[in-house]
Every structure is written in C-alpha cells, then in structure tokens.
Amino acid sequence: HSKWQVDLFLAQKWSGEPIESEEMKPQWFDFDKIPYSQMWADDAIWLPEILKGKSVQGEVILETKTKIKSHTLVFE
C-alpha cells in the first residue's frame, strides 16, 4: 500500500504552455465538461468544491483508481 500526501494549489492566472508528460497530456475544460469518469475516483468529490473557491482538508483512501474505500473531507 502506498500513502501519499497531496497539496493542492489553485492558480488564478497562467502564462506559458503546459507540457505533456508520461503521466498526463494537459487539456483545458470548461468546469461543466470536466471528464471525471476518466480521472481518479476522488477527484469528482473535491475538485468541484475547489473550483467554487473552497479549501479542502481530509483524507481519501482508495481501493483502486476508480473505487473509493473511504473519505473524510472537510470543505471551508
């Protein structure tokens, strides 16, 4: 089992071009067209709240990339 600590940052402005990596091909989406079904399962829980301007703190335990075992997230 792996345990990761993830810190999230929201940028209000961007300059330059995103660069593709082995893990990801950067793409831009309108908020209402974000492809959550292609992302890690927990992204659909916290990302909409972050995009509304809230902060999040807590823990997510995943069984697999597509299945959440449990989560305790608090949004402010």
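## Asp43 and its surroundings

The side chain of Asp43 reaches the side chain of Trp46 through a polar contact of 3.5 Å. This is a predicted model, and Asp43 makes a handy way into it. Asp43 belongs to helix α1. Set aside the neighbours within four places in sequence, and Asp43 touches Tyr36 and Pro48.

So what does Asp43 do about its charge? Asp43 has no salt bridge, although it is buried. The nearest side chain of opposite charge is that of Lys65, and it sits 7.9 Å away. A salt bridge here would need a side-chain nitrogen within 4 Å of a carboxyl oxygen, so Lys65, at 7.9 Å, doesn't qualify.

## The chain at a glance

Stepping back, the chain has one helix and two strands, and they come in the order α-β-β along the sequence. The helix α1 covers 43–51, while the strands are β1 (56–64) and β2 (67–75). The C-alpha trace spans about 35 × 30 × 25 Å along its principal axes.

As for burial, 11% of the 76 residues count as buried. Among the contacts with a separation of 6 or more, 28% come from residues 24 or more positions apart.

## One face of the helix

Which residues of α1 are buried? They are Asp43, Trp46, Leu47, Glu49 and Ile50. Looking down the axis of α1, these buried residues fall within an arc of 165 degrees, so they line one face of the helix. Both partners of the polar contact we began with, Asp43 and Trp46, are on that buried list.

What covers the buried residues of α1 includes the strands β1 and β2. Just past the end of α1 comes Gly53, which takes a positive phi of about 100 degrees.

## Salt bridges around Glu49

How many salt bridges are there? The count comes to three. Glu49 is the one to look at here, since Glu49, Lys52 and Lys54 are linked in a network of salt bridges. Glu49 is buried, with a relative accessible area of 15%, and Asp43, also on the buried list for α1, has no salt bridge.

Take the two lysines in turn. Lys52 pairs with Glu49, with 3.3 Å between the closest N and O atoms, and Lys52 itself is exposed at a relative accessible area of 60%. Lys54 also meets Glu49 in a salt bridge, at 3.0 Å from N to O. The side chains of Lys54 and Glu49 are likewise joined by a polar contact of 3.0 Å.

## More on Lys54, and the other bridge

Lys54 lies in the loop between α1 and β1, and its relative accessible area of 36% makes it partly exposed. Beyond the neighbours within four places in sequence, the contacts of Lys54 are with Glu49, Phe75 and Glu76. Lys54 and Asp32, on the other hand, are 17 Å apart from C-alpha to C-alpha, with their positions 22 residues apart in sequence.

Another salt bridge joins the side chains of Glu63 and Lys67, with N and O 3.8 Å apart. Here both ends are partly exposed: Glu63 has 47% relative accessibility, and Lys67 has 45%.

## Two tryptophan pairs

Now for the aromatic rings, which form two pairs. Trp4 and Trp40 meet edge-to-face, with 6.0 Å from centre to centre and 65 degrees between the planes. Both lie in the segment before α1, so this pair ties together parts that are 36 residues apart in sequence. Are these two buried or exposed? Trp4 is exposed, at 65% relative accessibility, whereas Trp40, at 37%, is partly exposed.

The other pair is Trp14 with Trp28, again edge-to-face, at 6.3 Å centre to centre and 70 degrees between the planes. Both of these residues also come from the segment before α1, and the pair therefore ties together parts 14 residues apart in sequence. Trp14 is exposed at 54% relative accessibility, and Trp28 is exposed at 67%.

Terms used
Residues numbered from 1 in each chain as written. Predicted model: local features only at pLDDT ≥ 70, side-chain atom pairs only at ≥ 80, totals over all residues. Heavy atoms only, no water. Phe/Tyr/Trp six-rings, centres within 6.5 Å; stacked < 30°, edge-to-face > 60°. Helix = DSSP H or I, 4+ residues; strand = E, 2+ residues; numbered from the N terminus. Buried < 20%, exposed > 50% of the residue type's maximum accessible area, 1.4 Å probe, protein only. Lys, Arg positive; Asp, Glu negative; His and termini not counted. Polar contact = N/O pair within 3.5 Å; in protein donor to acceptor, adjacent residues only side chain to side chain. Contact = heavy atoms within 4.5 Å. Arc of directions from axis to C-beta.
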